[in-house]
Amino acid sequence: MKLGLVVDLDTCVGCHGCATACKQWNTSGTIGPLSDKDPYGRDPNGAWLNRIRTYEVDDSPNSKTVNMPMSCMHCDDAACVTVCPTGASYKRSEDGIVLVDQDKCMGCNLCSWACPYGARELDPNEGTMKKCTLCVDRIYDESLPEDERKPACVLTCPTKSRVFGDFDDPNSEVSQLVRDRAGKQLMPELGYNPVNTYLPPRNKPVVEQYQPSLKATVKGWVNKVISR
Amino acid sequence: MHPAFSVLVFTVMSGAGYGLITLMVIGHLSGLSQLQDSAVLLSAGILSFVMISGGLLSSTLHLANPKNAWRAFSRFKTSWLSREAVFAILLYPFMLIYLGAIWMDMTGAVVSVAGILTAVLAMVTLFCTSMIYASLKTIRQWNSSLTPVNYIALGLMSGAVLLAAVQTLVGGDLAGVLQQLALALVVLGAVCKVIYFFWIGKPAGSTINTATGFTQASVRLLDQGHTSNSFLNDEFGYTVAANKLVRLRLLMLAVAFVVPFLLLLCANSVLLVVAAASTIAGLLVERWLFFAEARHVVRLFHGDQRV
């Protein structure tokens with residue numbers, strides 16, 4: 001199994017719901033807490049496992065706002081695991097989830113340096129590295145109804161922009177989405193083989209620009225020049 | 001990259017200590033007459049021991065959870081940091097046997113074997129330290145064979161200046177060989193550093209386009225998603241004005257290389273101590289620049305067009 005997420009950049013509205021749901025679930029989950037430093041103060045700072053950035057792609061009139069939620073990509077070639085000196089970082093052979101053993105981490109930050117996606121953040125109070133667990137404590141929990149055995153971010157997404165599944169199964173929803181929508185990996189040139197895949201926005205017709213006639217342009221200019 | 005002061009002190013001090021003990025062992029075992037006096041050897045050896053140990057202790061200060069530091073020996077197969085820790089500790093018994101044998105005026109195979117192993121392990125440890133940085137594909141300014149070359153050249157260079165200073169302070173007149181060696185290593189270190197500066201100046205590697213996957217259009221950051229700083233901003237967003245970097249580069253080249261070179265020519269014991277202090281101070285600036293000029297690819301997600 002190769003578990004991971006597909007993120008649809010066409011439909012993500014950038015509401016930060018995934019990040020909030022993630023923080024809520026994981027602060028009391030297996031790697032918890034996800035603490036904050038000075039949470040109500042002037043300069044709050046804390047560990048989040050999801051970050052949502054917003055970009056403007058291309059230039060007007062073809063520009064598009066793209067919201068890009070990012071969490072751990074659970075890379076096939078995860079350098080964060082190999083650089084770890086204590087063995088706290090590990091990749092599960094059965095499903096490919098990359099985890100940090102909180103009892104072994106010494107907080108040297110080297111794994112966060114090795115990660116190109118900014119997926120790892122040091123917990124300011126615990127002094128250990130925190131990262132996305134793909135809600136390993138939800139997805140195998142048989143006391144939950146079967147359709148709720150998904151990561152918290154996937155369950156909460158109001159636009160269903162996040163899909164969870166097995167990339168090794170060619171007939172899974174994630175594999176089909178990646179095939180149909182030409183899913184992309186981020187920074188493939190570094191060779192980490194990230195599992196999480198991003199679906200680019202669909203091509204939509206360009207909104208036609210209002211082109212004023214020559215007469216209207218002259219009229220507008222005259223109105224500007226002559227004071228009333 | 002955010003330069004953690006404890007890491008700067010660690011890499012400079014232990015690098016100089018490893019360079020010092022290596023050159024001392026080579027000089028001693030190859031029969032250099034000024035390096036046969038046990039007072040000189042013990043002074044240089046103890047100085048090296050203190051610098052290495054002080055550096056290693058300083059390195060633990062940047063750990064956020066040092067109670068688990070003992071586990072750092074456990075991933076020798078994959079992690080350069082683990083290898084560094086293992087070799088750094090492995091050095092101690094051989095170094096203590098070597099220095100102990102000198103103290104008891106022993107000669108023969110014990111001194112030679114312990115000395116050679118000390119020198120080899122010192123260089124291996126220094127190499128492992130440099131490979132922690134050189135192995136990171138995420139930071140193109142570090143991901144180069146120039147990184148280990150620089151660490152080893154600068155470690156040997158500062159060790160040579162220290163050895164010359166200790167030898168004149170304890171043993172009298174400066175040995176011509178040590179003076180020439182130190183001068184040559186200062187020139188070599190400066191050349192390596194200048195090559196590195198030229199090399200990192202060339203634009204290369206990932207861009208905001210490959211980072212976001214939009215490779216056919218321009219991409220600009222509209223919002224990083226949080227109003228105050230995060231761990232990522234603090235660790236990777238460290239930015240210094242370009243003109244300040246240029247000034248610091250010039251200051252570093254003067255303090256770490258030019259001043260020690262000129263003082264070495266004088267061969268006076270007090271001036272050589274000043275030269276050693278100047279080298280260490282200059283290398284602290286050099287190590288600060290090594291971090292401050294390194295740009296992690298996470299910066300692309302936070303709006304940098306290239307790294």
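**Exercise 1. Work out how well strand β1 (residues 3–8) of chain A is covered, and which strands it pairs with.**

Solution. Start with the count: β1(A) is mostly covered, with 6 of its 6 residues buried. Buried means that 20 or more other C-beta atoms lie within 10 Å of a residue's own; exposed means 12 or fewer, partly exposed is in between, and C-beta atoms are placed from the backbone. Strands here are DSSP runs of E with at least two residues, helices are runs of H or I with at least four, and both are numbered from the N terminus.

A quick word on what you're looking at: this is a predicted model, where local features need pLDDT of at least 70, side-chain atom pairs count only at pLDDT 80 or more, and totals for chains, interfaces and linings use all residues. Residues are numbered from 1 along each chain as its sequence is written, while chains are lettered from A and ligands numbered from 1 in the order in which they are written.

Next, take the faces. In a regular strand the side chains alternate between the two faces of the sheet. On one side of β1(A) you'll find A:Leu3, A:Leu5 and A:Val7, on the other A:Gly4, A:Val6 and A:Asp8, and all are buried.

Last, the partners. Strands pair if DSSP finds at least two bridges between them. β1(A) runs antiparallel to β10 (residues 162–166) of chain A, joined by 5 bridges, and it pairs in the parallel sense with β11 (residues 197–199) of chain A over 3 bridges. A:Val6 shows both: it stands opposite A:Val163 in β10(A) and opposite A:Thr197 in β11(A).

**Exercise 2. Find the order of the strands in the open sheet that includes β4(A) and β1(B).**

Solution. Step one: β4(A) and β5(A) pair in the antiparallel sense over 7 bridges, with A:Arg53 opposite A:Met68 in β5(A). Step two: β4(A) also pairs with β1 (residues 219–223) of chain B, antiparallel over 4 bridges. There, A:Glu56 has B:Arg220 as its bridge partner. Step three: put these together and you get 3 strands in the order β5(A)-β4(A)-β1(B). The edge strands are β5 of chain A and β1 of chain B, as each pairs on one side only.

**Exercise 3. Describe the side of chain A that touches chain B.**

Solution. Count first: 47 residues from chain A and 44 residues from chain B take part in the contact. Residues are in contact if their C-beta atoms, placed from the backbone, lie within 7 Å. Then look for contributors: the largest share of chain A's side, 7 residues, comes from β4(A). Other elements that each supply at least two residues include β5 (64–70) and α2 (79–83) of chain A.

**Exercise 4. Is A:Pro44 buried, exposed or partly exposed, and what does it touch?**

Solution. Locate it first: A:Pro44 lies in the loop between β2 (36–37) and β3 (45–46) of chain A. Then count: A:Pro44 has 15 C-beta neighbours inside 10 Å, so it is partly exposed. Finally, leaving aside neighbours within four places in sequence, A:Pro44 is in contact with A:Asp36, A:Asp38, A:Pro39 and B:Ser228.

**Exercise 5. Check the span of helix α3 (residues 80–103) of chain B.**

Solution. The expected span is 1.5 Å times one less than the number of residues. For the 24 residues of α3(B) that gives 34 Å, and the end C-alpha atoms are 34 Å apart, so the two agree. Just after α3(B), B:Asp105 takes a positive phi of about 55°.

Methods:
Two residues are in contact if their C-beta atoms, placed from the backbone, lie within 7 Å.
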